[in-house]
Amino acid sequence: MENTIRQILKNHNINDSKVIDKMVSKLLTQKEIQDNLKLIIDAQKKIMHEAMIYKEREEFADAFFPITNANSGKKYEFILPMEQFPNIRIKDVSGLDLAGLSFEENKIKGIPSESDTYDLKIEFFHILDEENIEFKKAQLFVNADPKDLWKNIPSDTEAPFHKSDEMKFKGNFSDKKIVVASKRGRSHAHEGKFRDDDFAVNELPNSWNIISVSDGAGSAQLARYGSELATQSINDYFKNKEVLAELDFHVEKIFNNEKNDSEAKQEVIRILYQGVSNTFKMLSEKAEEHFVSLKDLHSTLIFALLKKLDSGYVILSFGVGDCPINLINEDFSKVQLLNTMDVGEFGGGTRFITMNEIFDDSISSRFKITLAKDFSKLVLMTDGIYDPKFITENKLEDLESWKTFFEDLNGNNEDEAKSIFKMMNKSMNSCFPGWISGAKEIMMTELWLLFISSKK
């Protein structure tokens with residue numbers, strides 16, 4: 001109280017040091033003065049209390065409050081930076097619903113639906129004055145998803161040799177499960193071009209199965225037709241019971257005899273070669289029939305014939321072009337490339353099944369005969385998947401790269417797109433989510449397929 005009296009006297013220019021001490025002592029002895037001083041002190045405290053609330057509210061209202069930009073179609077989460085305002089609480093943020101977002105526990109979250117600039121109203125209060133609600137303006141910018149800028153123009157259904165812009169297949173392959181998906185890449189869809197890739201899957205006599213994949217050359221006028229012809233032709237060739245019986249005879253000699261029969265291996269390669277040669281001949285005939293050159297049908301070709309023996313799975317494979325065939329063992333500890341790829345020496349100019357020059361003395365190196373006791377996955381893919389996901393052919397036999405690839409399939413990617421292969425026994429339709437269309441890097445036509453080791 002003494003300090004308060006002295007401040008009052010000072011405010012009224014009473015500064016005479018000779019009398020001020022006596023004056024203060026005299027005033028402090030009077031009850032009425034004491035009561036008034038208490039009222040003054042209480043009033044000052046109340047003023048300062050209200051002033052501080054007002055000050056902190058105004059500081060928050062005036063503060064620059066940047067909200068991190070969101071991206072359309074992407075999971076978004078932003079925690080409002082309230083560390084500098086410990087006595088301010090945000091009750092709600094209106095305007096978020098227009099962006100497809102919500103506010104909860106000081107956090108803005110959700111998946112924005114459309115790119116735009118959204119005006120927000122932040123509803124807040126001071127913890128010492130909760131009944132008085134005030135508002136602060138802010139803006140949220142939602143950037144456009146680059147994928148939304150790509151058009152999806154259907155291919156011309158009236159054009160010769162038209163085929164659907166995407167295709168998928170599910171089923172059994174020996175005692176394994178098989179999933180295949182083929183879809184135009186964004187650059188093709190943006191320009192209304194055709195799906196140039198193709199595949200064919202067949203269950204053959206004598207417990208054989210075949211899968212073939214072809215990648216039509218982007219520069220070839222009828223690549224879509226060439227890839228279709230290539231896969232159908234090679235599969236049709238091996239539907240012949242006599243061809244398969246001959247294969248069985250020589251495969252039996254290779255794997256069920258004590259000696260490794262090199263002559264039998266050469267016979268197997270000869271039979272596979274005949275199938276490839278027959279495919280080349282058929283493509284040549286079709287080119288003449290439609291008055292186009294073989295270049296107009298340029299397509300790569302890979303295929304795998306598979307049969308389960310008592311000793312394991314025999315896999316007969318072939319490849320021309322830059323599409324890989326990979327075998328991953330049963331405990332995911334080893335990966336093998338089952339075909340020769342036309343990269344490196346032929347970088348930037350891959351080989352095609354429509355090229356006569358592949359039928360030289362080195363063609364036997366394109367065939368592989370493999371016996372696997374069991375396996376986890378057998379994967380065939382075109383460069384639309386291989387290029388962005390593995391970058392170089394060296395990574396195709398790198399186990400860590402494959403683990404990353406399957407983590408990607410399991411949803412560990414920017415789009416959180418997931419392929420649910422574990423449900424294959426119950427609902428195969430769930431195996432074809434948006435991973436292929438969601439993979440930003442894939443710009444060209446792409447195709448990939450996967451055998452899963454689950455039994456029938």
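How are α5 and α7 oriented to each other? In this predicted model, the two helices pack with their axes 9 Å apart and at an angle of about 140 degrees; since angles over 145 degrees would count as roughly antiparallel and those of 65 to 115 degrees as roughly perpendicular, α5 and α7 are therefore oblique to each other. Their crossing is right-handed, and the contact is formed on the α5 side by Y225, G226, L229, A230, S233, I234 and Y237, and on the α7 side by residues including I271, Q274, G275, V276 and N278, together with T279, M282, L283 and K286.

Both helices also contribute to the largest nonpolar core, to which two or more residues each are given by β11 (208-215), α5 (223-237), α6 (241-255), α7 (262-289), β12 (301-309) and β13 (312-320). The largest share comes from α7, with 10 residues. Among the 44 residues of this core, those touching the most other members are W208, F238, L247, F303, L305 and I353. Leaving aside residues up to four places away in sequence, F238 is in contact with L204, I210, V243, L244, L247, I271, L272, F303 and L305. A further core of 24 residues lies apart from this one and includes F60, F65, I67 and V142.

An open sheet of four strands, with mixed pairing, follows the order β1-β7-β6-β3. Because β1 (70-71) and β3 (88-94) each have a single partner strand, they stand at the edges, and one side of each is left without a neighbour in the sheet. The strands β1 and β7 (residues 129-143) run parallel and are joined by two bridges, with N143 of β7 serving as the bridge partner of N71.

Technical notes:
Residues numbered from 1 in each chain as written. Predicted model: local features only at pLDDT ≥ 70, side-chain atom pairs only at ≥ 80, totals over all residues. Heavy atoms only, no water. Core = buried A, V, L, I, M, F, W, Y, C linked by side-chain atoms within 4.5 Å. Buried < 20%, exposed > 50% of the residue type's maximum accessible area, 1.4 Å probe, protein only. Contact = heavy atoms within 4.5 Å. Pairing = 2+ DSSP bridges. Axes fitted to C-alpha atoms, helices over the stretch in contact; angles between N-to-C directions. Parallel < 35°, antiparallel > 145°, perpendicular 65-115°, else oblique. Left-handed = near helix turned anticlockwise from the far one by under 90°.
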